[in-house]
Amino acid sequence: MSRSTASELIELTAAQAASRVRSGEIDARELFEAYRERAAADELNAFTWVAPQAPEPAASESAPLAGVPVAVKDLFCTEGVPSQAGSRILEGYRPPYSATVVEKLRQAGAPLLGKTNQDEFAMGSSNENSAYGPVLNPWDRGRVPGGSSGGSAAAVAAGLAPWAIGTDTGGSIRQPAALCGIVGLKPTYGACSRYGMIAFASSLDQAGPLTRDVTDASLLFGKMIGQDPCDSTSLAFPGSIELPTADHLRGIRLGVPEELLAGGDDGAGVEAGVRANFEATLKLAEQLGATVVPCRLPHAPHALSAYYLIAPAEASANLARFDGVRYGLRVDGAGDLEQMYSRTRAAGFGPEVKRRIMLGTYALSSGYYDAYYGTAQKVRTKISEDFAAAFAQLDFVVTPTSPWTAFELGAKTDDPLAMYLNDFCTVPMPLAGIPAISIPSGLSEGLPVGFQLAGPAFSEGRMLDVAFALEQAIGFDGASARL
C-alpha cells in the first residue's frame, strides 16, 4: 500500500476513494485522518463538531462505502454526539440513538466525520439563522452558502468532507448545492427514513446526499434508502440505485415551465446570468439528444405561499415539544411552570423560528384553519396534479435551482420575503412529494449556478443517469473552491 499525500486524497471523489481503499491503494484510516484534520481546521464555520479521532475499530475496507467518512447535518440525531439542529434550545444535547440514515451509512462503512452547521431547525435559505453563526461560501467568504444545509454543502465544496447528508423541506439540499457548486438530491418523500431527524415539517422533510458529483450522489443515496419500521411514512424503494453510465439523452423529453422562470411575485425574475446559463444547458441537453419543450405548471407560482403556510403550521406543532421539561435548555420560571415554558422558548429559539411558529400557530387557529391551512393543502393537491399531468407527456421538468447566485452575507436578513423567494423554484417539488436534483451547470460572474431536474416519484435512478450525462457534457470544475 503506497502512502498518499493529504492533497492527493482530497482530490479524489468519494467513489474514487472507496475504490482505492478496496483495492488496497490507500488506507481507510489515512483517508479519515486527512479529512479530519481539514475539518478540524475549518475556517468556514461549516462544522459544529468534528470527530476527535478515527473510529475504533476502523470501518471495514470491504464494506460498500469502504471507510469513506461522511459529514452529517446537525438535524440528524447521532448517538453520544451533540445534535443541536442549529438551536440554543438543544445546545449540548447528545441523543441516546442515531438516525436511521446515519446508522445505515455507518453499517455500509461510512464513519461519522463530523456534524455540520445549519439554519436553526432547517428554517432558512442562507445558513445565517444558525445559533452558532453563519457558514461562509467557499467560493466567496463574503457570501452565503445557501440553506438550510449550508454547512454540508460548504464542507463538500471546500474539500473538508468527501460527501455529506442534509435534509430538504423546501429546497434545503438543492439550493445550497447550487450556491456552492456541488450536487444535491432531494429524494421522493418516503424514500429515506425520517426516524432520528429532528422534525421541521413532517409531511415535507426528506434526507438526501450532497456530493461532489453525480456518481457520488448515486453511491451514497443507494445506501440511504429503504423502508424503516420506525418511520411509518417510509416506503420500500422499488429496485436498487446503480451507478450512472449514460452518455446521451436520446429519447428524453424535458419540460420547461415558464411559471417557474418568473422568479417570484416581486417581478425580479431569474437573474440574467442564471437565465443565460440555464438556456445554455438546455441547448447542451438538445445536443445530447434530448427534446426540450415548454410545459405548464399553472399552480406552481402559488407554491411558495402554500409552503409558507403548511411548513410553519407543522413546525408549530413539532416544536411544541421543546418546553424545557424533558431535554435541552431550561430557563428558571421562579416556581411558575408557564413562566418556565415562556422564558425557555424565548431564550432558546431564534427570530426566524419564532416567526414561523407564530405564523403556523395563527394558520392553525380556530376560525382561520380552513381559510389558510386548509386552502394551502388544496393548492398542494393542485400542484401535485400539475406535475402528474406534465409527467404524462414528459420525462423531467427542468428549471434553474435558485433564481440567483450566492448573495452577500446580511443582504436579505432584514427582508423575510426576499429571503423566502430564494426557494421559488424548489418548493413545488416537496409539496408534490417528488424527487429533484441540482447539478452545477457553470458560473455566473465567478459564482456557481445550479440546474434542477424534477421527475415522477421514485424516478431517481433514471434522473441520476440524465444528470450524469449532462454533468459529463458540462464539465464543471469545482476545484477552485477547495481550500
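**Exercise 1. Where does Asn127 lie, in which loop?**

Solution. This is a predicted model, so treat each value below as computed from it.
- Step 1: place the residue. Asn127 sits in the loop between S3 and H5.
- Step 2: look at the backbone. Asn127 is not a glycine, yet its phi is positive, about 60°.
- Step 3: check the exposure. The relative accessible area of Asn127 is 0%, so the residue is buried.

**Exercise 2. Set Glu445 beside Asn127: is Glu445 buried or exposed?**

Solution.
- Step 1: Glu445 also has a positive phi without being a glycine, this time near 50°.
- Step 2: its loop runs between strand S10 (436–444) and strand S11 (447–454).
- Step 3: the cut-off for exposed is over 50% relative accessible area. Glu445 comes in at 81%, so it counts as exposed, whereas Asn127 is buried at 0%.

**Exercise 3. Find the cis peptide bond: which residues does it link?**

Solution.
- Step 1: the bond goes from Gly147 to Ser148, and its omega is near 10°.
- Step 2: Ser148 belongs to the loop between S3 and helix H5 (150–157).

**Exercise 4. Work through the salt bridges. How many does a search of the whole structure find?**

Solution.
- Step 1: the search turns up 17 salt bridges.
- Step 2: take Lys115 and Asp74, whose side chains meet at 2.9 Å, N to O. Lys115 is in strand S3 (residues 112–116), while Asp74 is in the loop between strand S2 (70–73) and helix H4 (100–107), so this pair ties together parts 41 residues apart in sequence. Both partners are buried.
- Step 3: try Asp168 and Arg174. Their salt bridge is 2.9 Å, N to O, and both residues are buried.
- Step 4: now for Arg143 and Asp140, where the closest N and O atoms are 3.0 Å apart. Buried needs under 20% relative accessible area. Arg143 has 21%, so it is partly exposed, and Asp140 is partly exposed at 30%.
- Step 5: look for shared partners. Glu258, Arg275 and Glu279 are joined into one network this way.

**Exercise 5. Map the nonpolar core. Which residues of the largest core touch the most other members?**

Solution.
- Step 1: some background helps. In soluble globular proteins, nonpolar side chains tend to be buried together.
- Step 2: the largest core here has 92 residues, and those touching the most other members are Phe47, Phe76, Ile165, Leu249, Ile437, Leu453 and Leu470.
- Step 3: ask who supplies the largest share. That's helix H15 (residues 460–474), with seven residues.
- Step 4: zoom in on Leu453. Leaving out residues up to four places away in sequence, it touches a set of residues including Leu254, Phe396, Pro435, Ile437, Met463 and Leu470.
- Step 5: don't stop at one core. A second, separate core has 58 residues, among them Leu90, Val144, Cys425 and Ala454.

**Exercise 6. Trace what Asn318 contacts. Which residues are they, leaving aside its neighbours within four places in sequence?**

Solution.
- Step 1: Asn318 is in helix H9 (residues 303–318), and at 10% relative accessibility it is buried.
- Step 2: the contacts are Ala199, Phe200, Ala201 and Ser202.
- Step 3: a polar atom of the Asn318 side chain lies 3.0 Å from the backbone oxygen of Phe200.

**Exercise 7. Move to the surface. Which residues make the nonpolar patch of about 240 Å²?**

Solution.
- Step 1: the patch is made by Val325, Leu337 and Tyr341.
- Step 2: for Leu337, the element is helix H10 (residues 337–348).

Terms used. Residues are numbered from 1 along each chain as its sequence is written. This is a predicted model: local features need pLDDT of at least 70, side-chain atom pairs count only at pLDDT 80 or more; totals for chains, interfaces and linings use all residues. Side-chain values use heavy atoms; hydrogens and water are left out. A nonpolar core is a set of buried Ala, Val, Leu, Ile, Met, Phe, Trp, Tyr and Cys residues joined through side-chain atoms within 4.5 Å. Buried means under 20% relative accessible area, exposed over 50%, partly exposed in between (1.4 Å probe, protein chains only). Helices (H or I, at least four residues) and strands (E, at least two) are DSSP runs, numbered from the N terminus. Contact means heavy atoms within 4.5 Å. A salt bridge is a side-chain nitrogen of Lys or Arg within 4 Å of a carboxyl oxygen of Asp or Glu. Patches are made of residues with over 30% relative accessible area and no salt bridge: like charges are joined within 9 Å, nonpolar side chains (Val, Leu, Ile, Met, Phe, Trp, Tyr) within 5 Å. Accessible areas come from the Shrake-Rupley method with a 1.4 Å probe; for residues, only the protein chains shown count as cover. A polar contact is a pair of N or O atoms within 3.5 Å; within protein, one must be able to donate a hydrogen and the other to accept it, and residues adjacent in sequence count only if both atoms are side-chain atoms.
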